Amino acid sequence: GASTNGRGGSMYVVVGKSKTSVGGVPTILPGYSSAETGGFLSLLSGKSTHTSSGSLSVITKNAGEAGVSGHMIFSSGTTSVGASGTIEFYTQDATGGKGGDVKFAVGNTKSDEVGGSAIISAGGQTDHTGGAMLFSSGFGVTPGSVRIVSPNAGTSGISGELSFRTGTTSNGASGEFSMSTGASTDGRGGS
(Lines give C-alpha, C1' and ligand atoms only; values in the text may rest on other atoms or scores of the structure.)
Protein backbone atom coordinates (compact mmCIF):
# COMPACT_ATOMS: atom_id res chain seq x y z
CA GLY A 1 0.00 0.00 0.00
CA ALA A 2 0.85 3.68 -0.32
CA SER A 3 2.39 5.67 2.53
CA THR A 4 2.02 9.40 3.13
CA ASN A 5 4.69 9.60 5.83
CA GLY A 6 7.07 6.67 5.59
CA ARG A 7 8.24 3.88 3.36
CA GLY A 8 5.83 2.14 1.00
CA GLY A 9 5.12 -1.51 1.62
CA SER A 10 7.27 -4.23 0.06
CA MET A 11 6.20 -7.30 -1.87
CA TYR A 12 8.06 -10.60 -2.04
CA VAL A 13 7.47 -13.55 -4.34
CA VAL A 14 9.48 -16.49 -3.02
CA VAL A 15 9.41 -20.08 -4.27
CA GLY A 16 10.45 -23.16 -2.35
CA LYS A 17 13.98 -24.39 -1.79
CA SER A 18 15.04 -27.95 -2.52
CA LYS A 19 17.68 -30.07 -0.79
CA THR A 20 17.63 -32.94 -3.31
CA SER A 21 16.51 -31.54 -6.70
CA VAL A 22 16.04 -28.34 -8.69
CA GLY A 23 14.61 -25.38 -6.80
CA GLY A 24 11.14 -24.09 -7.54
CA VAL A 25 10.64 -21.93 -10.62
CA PRO A 26 8.48 -18.78 -10.55
CA THR A 27 6.82 -18.10 -13.90
CA ILE A 28 5.07 -14.89 -14.99
CA LEU A 29 3.26 -15.14 -18.31
CA PRO A 30 1.35 -12.30 -19.99
CA GLY A 31 -1.94 -13.10 -21.68
CA TYR A 32 -2.02 -15.09 -24.92
CA SER A 33 -3.97 -13.90 -27.95
CA SER A 34 -4.83 -15.87 -31.08
CA ALA A 35 -6.11 -12.83 -33.01
CA GLU A 36 -4.25 -9.72 -31.81
CA THR A 37 -0.98 -8.79 -30.07
CA GLY A 38 -0.21 -10.77 -26.92
CA GLY A 39 -0.05 -9.16 -23.51
CA PHE A 40 2.89 -7.06 -22.35
CA LEU A 41 5.19 -7.64 -19.40
CA SER A 42 6.70 -4.54 -17.78
CA LEU A 43 9.30 -4.37 -15.01
CA LEU A 44 9.56 -0.84 -13.65
CA SER A 45 11.48 0.67 -10.75
CA GLY A 46 9.81 3.20 -8.52
CA LYS A 47 9.55 6.86 -9.50
CA SER A 48 10.62 9.73 -7.27
CA THR A 49 9.47 13.34 -7.63
CA HIS A 50 12.32 14.65 -5.44
CA THR A 51 15.39 12.38 -5.53
CA SER A 52 16.59 9.31 -7.47
CA SER A 53 14.32 6.70 -9.01
CA GLY A 54 14.77 3.12 -7.86
CA SER A 55 17.18 0.62 -9.35
CA LEU A 56 16.21 -2.52 -11.26
CA SER A 57 18.48 -5.54 -10.82
CA VAL A 58 18.31 -8.80 -12.78
CA ILE A 59 20.95 -11.10 -11.32
CA THR A 60 21.76 -14.80 -11.23
CA LYS A 61 23.10 -15.98 -7.89
CA ASN A 62 26.64 -17.21 -7.27
CA ALA A 63 27.32 -20.87 -8.01
CA GLY A 64 28.29 -23.49 -5.45
CA GLU A 65 31.66 -25.22 -5.32
CA ALA A 66 30.80 -27.76 -8.05
CA GLY A 67 28.73 -25.72 -10.52
CA VAL A 68 28.57 -22.68 -12.76
CA SER A 69 26.50 -19.58 -12.19
CA GLY A 70 23.16 -19.39 -13.96
CA HIS A 71 22.79 -18.20 -17.53
CA MET A 72 21.04 -14.95 -18.35
CA ILE A 73 19.21 -14.81 -21.68
CA PHE A 74 17.58 -11.82 -23.37
CA SER A 75 15.93 -13.04 -26.55
CA SER A 76 13.12 -11.98 -28.84
CA GLY A 77 10.94 -14.61 -30.45
CA THR A 78 11.11 -15.93 -33.99
CA THR A 79 8.73 -14.84 -36.74
CA SER A 80 7.54 -16.33 -40.01
CA VAL A 81 6.23 -13.02 -41.47
CA GLY A 82 8.00 -9.72 -40.83
CA ALA A 83 10.92 -8.77 -38.62
CA SER A 84 11.56 -10.42 -35.27
CA GLY A 85 11.40 -8.29 -32.14
CA THR A 86 14.02 -5.68 -31.30
CA ILE A 87 16.14 -5.70 -28.12
CA GLU A 88 17.24 -2.26 -26.95
CA PHE A 89 19.63 -1.21 -24.18
CA TYR A 90 19.85 2.53 -23.68
CA THR A 91 19.82 5.26 -21.05
CA GLN A 92 17.61 8.32 -21.17
CA ASP A 93 18.62 11.93 -21.79
CA ALA A 94 19.94 14.10 -18.95
CA THR A 95 18.91 17.76 -18.82
CA GLY A 96 21.07 18.75 -15.84
CA GLY A 97 24.01 16.35 -15.91
CA LYS A 98 25.74 13.61 -17.85
CA GLY A 99 23.81 10.96 -19.75
CA GLY A 100 24.07 7.51 -18.17
CA ASP A 101 26.63 4.99 -19.37
CA VAL A 102 25.86 1.62 -20.96
CA LYS A 103 28.45 -0.99 -20.03
CA PHE A 104 29.01 -4.53 -21.28
CA ALA A 105 31.84 -6.32 -19.49
CA VAL A 106 33.04 -9.90 -19.16
CA GLY A 107 34.16 -11.03 -15.72
CA ASN A 108 37.83 -11.59 -14.97
CA THR A 109 39.24 -15.13 -14.92
CA LYS A 110 41.33 -16.05 -11.89
CA SER A 111 42.19 -19.64 -12.87
CA ASP A 112 44.49 -20.99 -15.59
CA GLU A 113 41.69 -20.75 -18.16
CA VAL A 114 41.60 -18.17 -20.96
CA GLY A 115 39.51 -15.10 -20.18
CA GLY A 116 35.91 -14.99 -21.36
CA SER A 117 35.16 -13.57 -24.81
CA ALA A 118 32.86 -10.71 -25.76
CA ILE A 119 31.16 -11.37 -29.10
CA ILE A 120 29.00 -8.92 -31.04
CA SER A 121 27.69 -10.33 -34.31
CA ALA A 122 25.26 -8.94 -36.87
CA GLY A 123 22.57 -11.16 -38.37
CA GLY A 124 23.35 -13.52 -41.21
CA GLN A 125 21.45 -13.83 -44.49
CA THR A 126 21.78 -16.89 -46.73
CA ASP A 127 20.34 -15.32 -49.91
CA HIS A 128 21.07 -11.58 -49.69
CA THR A 129 23.21 -9.06 -47.76
CA GLY A 130 23.82 -9.75 -44.08
CA GLY A 131 23.21 -7.27 -41.31
CA ALA A 132 25.52 -4.30 -40.82
CA MET A 133 27.42 -3.32 -37.69
CA LEU A 134 27.93 0.30 -36.65
CA PHE A 135 30.10 1.75 -33.89
CA SER A 136 29.41 5.45 -33.50
CA SER A 137 30.54 8.03 -30.97
CA GLY A 138 28.18 10.68 -29.65
CA PHE A 139 27.57 13.83 -31.66
CA GLY A 140 28.49 17.26 -30.31
CA VAL A 141 30.51 20.41 -30.99
CA THR A 142 33.43 18.01 -30.60
CA PRO A 143 32.09 14.48 -31.12
CA GLY A 144 33.28 11.69 -28.86
CA SER A 145 36.11 9.35 -29.73
CA VAL A 146 35.94 5.71 -30.83
CA ARG A 147 38.79 3.58 -29.51
CA ILE A 148 39.65 -0.06 -30.15
CA VAL A 149 42.49 -0.99 -27.83
CA SER A 150 44.40 -4.12 -26.89
CA PRO A 151 45.63 -3.77 -23.27
CA ASN A 152 49.28 -3.87 -22.32
CA ALA A 153 50.82 -7.30 -21.81
CA GLY A 154 52.13 -8.67 -18.53
CA THR A 155 55.82 -9.15 -17.78
CA SER A 156 56.00 -12.55 -19.52
CA GLY A 157 53.49 -12.23 -22.37
CA ILE A 158 52.69 -10.33 -25.54
CA SER A 159 49.96 -7.79 -26.07
CA GLY A 160 46.78 -8.87 -27.82
CA GLU A 161 46.42 -8.90 -31.59
CA LEU A 162 44.27 -6.42 -33.50
CA SER A 163 42.96 -7.76 -36.80
CA PHE A 164 40.87 -5.90 -39.40
CA ARG A 165 40.02 -7.77 -42.56
CA THR A 166 37.30 -8.49 -45.08
CA GLY A 167 36.04 -11.97 -45.85
CA THR A 168 36.80 -14.08 -48.88
CA THR A 169 34.47 -14.50 -51.84
CA SER A 170 34.00 -17.15 -54.53
CA ASN A 171 32.05 -14.98 -56.98
CA GLY A 172 32.88 -11.28 -57.31
CA ALA A 173 35.05 -8.82 -55.42
CA SER A 174 35.74 -9.22 -51.74
CA GLY A 175 34.65 -6.49 -49.35
CA GLU A 176 36.25 -3.04 -49.41
CA PHE A 177 38.47 -1.90 -46.55
CA SER A 178 38.50 1.86 -46.09
CA MET A 179 40.03 4.14 -43.45
CA SER A 180 39.81 7.90 -43.82
CA THR A 181 39.45 11.17 -41.92
CA GLY A 182 36.72 13.69 -42.58
CA ALA A 183 37.13 16.85 -44.63
CA SER A 184 37.64 20.23 -42.94
CA THR A 185 36.09 23.46 -44.27
CA ASP A 186 38.01 25.83 -41.94
CA GLY A 187 41.10 24.16 -40.59
CA ARG A 188 43.48 21.28 -41.05
CA GLY A 189 42.21 17.87 -42.11
CA GLY A 190 42.67 15.02 -39.68
CA SER A 191 45.83 12.90 -39.75
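**Exercise 1.** Determine whether G16 is buried, partly exposed or exposed.

*Solution.* The classes rest on relative accessible area: buried is under 20%, exposed is over 50%, and partly exposed lies in between, with a 1.4 Å probe and protein chains only. G16 has a relative accessibility of 48%. G16 therefore counts as partly exposed.

The model is predicted, so local features need pLDDT of at least 70 and side-chain atom pairs count only at pLDDT 80 or more, while totals for chains, interfaces and linings use all residues. Residues are numbered from 1 along each chain as its sequence is written, and side-chain values use heavy atoms, with hydrogens and water left out.

**Exercise 2.** State which residues G16 is in contact with, leaving aside its neighbours within four places in sequence.

*Solution.* Contact means heavy atoms within 4.5 Å. With those neighbours set aside, G23 and G24 are in contact with G16. As for G187, 171 residues apart from G16 along the chain, the two C-alpha atoms are separated by 68 Å.

**Exercise 3.** Decide whether the protein is more spread out than a compact globule.

*Solution.* First, the protein holds 0 helices and 0 strands, where helices (H or I, at least four residues) and strands (E, at least two) are DSSP runs, numbered from the N terminus. Next, its radius of gyration is 24 Å, well over the 16 Å from the globule rule for 191 residues, so the protein is more spread out than a compact globule. The radius is taken over C-alpha atoms, and the rule is 2.2 Å times the number of residues to the power 0.38. Finally, 0% of the 191 residues count as buried.
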